[in-house]
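This report looks at pairs of oppositely charged side chains. The sequence and the structure come first, followed by a description of selected pairs.

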Amino acid sequence: MNTIIKTLITATAFFGLSVGIANAAGGETKELKHHHWTFAGITGAYDKESVQRGFQVYREVCSACHSLDYVAFRHLGQKGGPFYMEKCPEGFPSTQDCRQPIANPIIKALAAEYEIEDGPDDGGDMFMRPGLPADYMPGPYANVQQAAAANGGAIPPDFSLIAKARHHGPDYIYSLLTGYEDPPETITIAEGTYYNPYFPGDSTSLLKPEYVDDEGHVLEGVKVPYGGVLKMKAPLSDEIVDYADEETPETVEQYSEDVTNFLMWAAEPKLESRKRMGMISMIYLFIFAGIVYWSYKQIWSDVDH
């Protein structure tokens with residue numbers, strides 16, 4: 001027992017020392033912007049129109065560098081997806097079931113806009129064909145080496161699960177996209193890099209020589225800036241994407257909100273059905289517990305205490 005207590009005390013002291021060193025050396029990010037998301041909470045649901053706009057932002061801006069390897073065109077037309085149809089538009093045959101992605105005219109048209117490598121053919125050669133709803137969305141690069149060469153050695157992450165892979169994913173994505181700013185005067189950043197207080201990093205090594213001593217320690221009273229630098233410049237700017245809905249503002253904030261909604265849907269497309277099932281299960285358990293308690297009272301009501 002004494003050994004266990006000593007171990008816990010030592011571990012606690014070491015953890016506290018480590019945190020103190022980390023704080024002294026920087027490495028902190030600015031507190032994330034806490035946006036109101038419609039999908040948050042036990043009854044939350046996706047804003048379908050925002051997810052649709054977010055897909056447009058991804059397609060016109062983000063897809064130039066970032067892939068969606070685990071998202072197929074058909075996923076966009078499944079129930080809960082941004083382009084799901086309960087029934088076909090007027091003019092389509094009554095026998096056509098647009099609830100199925102393979103028959104969804106939007107999904108079919110969208111997939112056909114992409115060229116998909118297929119094959120081999122009878123001659124053993126690969127060939128290109130129009131996309132089908134069953135195809136997965138093609139990425140911008142053939143391999144990671146090509147991606148790194150095109151981005152100064154940095155490999156853009158796949159966006160399929162990014163909203164779940166990052167801590168406080170939606171808030172992080174929104175904060176990062178809207179958080180680009182000029183670097184503080186106390187640091188110097190390399191050409192081709194961009195400062196963002198919400199991007200994880202340690203700006204200590206970027207401090208100018210006059211803010212550190214001969215041993216590289218931060219001088220007393222000098223505040224190490226939040227965040228770090230990354231090789232992706234601010235991808236969004238006002239009016240960079242033209243929305244069909246003229247009432248929706250075409251601003252960095254709105255684009256960031258919409259693409260974050262889309263990326264959250266891509267990471268968790270079954271969120272709404274999962275929450276519905278959870279609510280049904282909780283209601284069932286509540287009723288079942290009431291019946292059990294009532295039965296208990298009935299069975300033991302005649303027993304003398």
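## A pair across the chain

In this predicted model, Glu268 and Lys164 form a salt bridge through their side chains, with 3.1 Å from N to O. The two partners lie 104 residues apart, and the pair links distant parts of the chain. Lys164 belongs to helix 6 (residues 162-165), whereas Glu268 sits in the loop between helix 8 (252-267) and helix 9 (271-299).

Is Glu268 buried or exposed? Its relative accessibility is 14%, and because buried means under 20%, Glu268 counts as buried.

## A shared network

Salt bridges with partners in common connect Asp118, Arg129 and Asp135 into one network. Within this network, the side chains of Arg129 and Asp135 meet at 2.8 Å, N to O.

Both of these partners are buried: Asp135 has a relative accessibility of 12%, and Arg129 has 18%.

## A partly exposed pair

Asp97 and Arg99 form another salt bridge, in which the closest N and O atoms are 3.0 Å apart. Asp97 has 26% relative accessibility, and Arg99 has 41%. Partly exposed covers the range between under 20% and over 50%, so Asp97 falls into that class, and so does Arg99.

## The overall count

How many salt bridges does the structure hold? There are seven, including the Glu268 and Lys164 pair, the Asp135 and Arg129 pair and the Asp97 and Arg99 pair. Side chains of opposite charge can pair when their charged atoms come close.

Technical notes:
Residues are numbered from 1 along each chain as its sequence is written. This is a predicted model: local features need pLDDT of at least 70, side-chain atom pairs count only at pLDDT 80 or more; totals for chains, interfaces and linings use all residues. Side-chain values use heavy atoms; hydrogens and water are left out. A salt bridge is a side-chain nitrogen of Lys or Arg within 4 Å of a carboxyl oxygen of Asp or Glu. Buried means under 20% relative accessible area, exposed over 50%, partly exposed in between (1.4 Å probe, protein chains only). Helices (H or I, at least four residues) and strands (E, at least two) are DSSP runs, numbered from the N terminus.
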